[in-house]
Amino acid sequence: MSKKIILVDDSVTARQQVKTALRGGDYEIVEAIDGDDGLAKIEQHRDAALLICDVNMPNKTGLELLNVLQDRPGPHMPIVMLTAEVQPDLLQRAKRAGAKGWIVKPFKHDLFVATVRKLVGDA
């Protein structure tokens, strides 16, 4: 049974890179184009095993999305931030909002896949 991953990024290129890196794994990728779309996809796919989220996006940033999710009751899926941002204060804010990982774009495929596998329980 494939594990569902919600991928929230406004960059078509970034989404394609993630899908390429995870090709060959047993994952179903649900794509969202911004924070608002991501929130809708999370509602539709509550069984997702992982959320991969960009920081800078229109309509709702990745940190705003995390804050909304943090305020919700119930179980929370692991969250990895995938971003070009390297500011320590953003990293700390993301961790406080529940992020389990922070991967900087462009990413190394093997490190990225290892992180995903660990967080979805495939490692």
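Here is a walk through this predicted model, from the overall fold down to a few individual residues.

Let's start with the layout. The chain has 5 helices and 5 strands, and reading from the N terminus they come in the order β-α-β-α-β-α-β-α-β-α. The radius of gyration is 13 Å, close to the 14 Å that the globule rule gives for 123 residues, so the chain is as compact as a globular protein of that length. If you want a feel for the box it would fit in, the C-alpha trace spans about 35 × 30 × 25 Å along its principal axes.

What about the inside and the outside? Buried residues account for 44% of the 123 residues. The chain exposes about 6600 Å², with carbon and sulfur atoms supplying 52% of that area. On the charge side, there are 17 positive and 17 negative side chains, and the centres of the two sets sit 5 Å apart. As for contacts, take those between residues at least 6 apart in sequence: 63% of them join residues at least 24 apart.

Now zoom in on strand β3, which covers residues 50-53. Its side chains alternate: L50 and I52 point one way, L51 and C53 point the other way, and all of them are buried. Strand β3 also has partners. Strand β1 (residues 3-8) runs parallel to β3 and is joined to it by 4 bridges, and in that pairing L7 stands opposite I52. Strand β4 (residues 79-83) pairs with β3 too, again in the parallel sense, over 3 bridges. There I52 stands opposite V80. So I52 is a handy residue to click on: it faces L7 of β1 and V80 of β4.

V80 leads us on to helix α5. T115 lies in that helix, which spans residues 109-120. Leaving aside neighbours within four places in sequence, T115 is in contact with V80 and I103. The C-alpha atoms of T115 and I103 are 9.1 Å apart, and the two residues are separated by 12 places in sequence. Is T115 buried or exposed? Neither label fits, because its relative accessible area is 21% and the cut-off for buried is under 20%, with exposed starting over 50%. That makes T115 partly exposed.

Next, follow the chain out of β3 into the loop that leads to α3 (62-70), where you'll find D54. With a relative accessible area of 5%, D54 is buried. Which residues does D54 touch, not counting those up to four places away in sequence? The list is V8, D9, D10, G62, M81, L82, T83 and K105.

That loop between β3 and α3 also holds N59. Here the picture is another one: N59 counts as exposed, at 56% relative accessibility. Its backbone deserves a look as well, since phi is near 70 degrees, a positive value in a residue other than glycine.

Finally, go back to K105, one of the residues that D54 touches. K105 is joined to P106 by a cis peptide bond, with omega at about -10 degrees. P106 itself lies in the loop between β5 (101-104) and α5, and from there the chain leads back to the helix that carries T115.

Notes:
Residues numbered from 1 in each chain as written. Predicted model: local features only at pLDDT ≥ 70, side-chain atom pairs only at ≥ 80, totals over all residues. Heavy atoms only, no water. Helix = DSSP H or I, 4+ residues; strand = E, 2+ residues; numbered from the N terminus. Rg over C-alpha atoms; globule rule 2.2 N^0.38 Å. Buried < 20%, exposed > 50% of the residue type's maximum accessible area, 1.4 Å probe, protein only. Contact = heavy atoms within 4.5 Å. Areas by Shrake-Rupley, 256 points an atom, 1.4 Å probe, with all protein chains shown as cover. Lys, Arg positive; Asp, Glu negative; His and termini not counted. Charge placed at Lys NZ, Arg CZ, Asp CG, Glu CD. Pairing = 2+ DSSP bridges.
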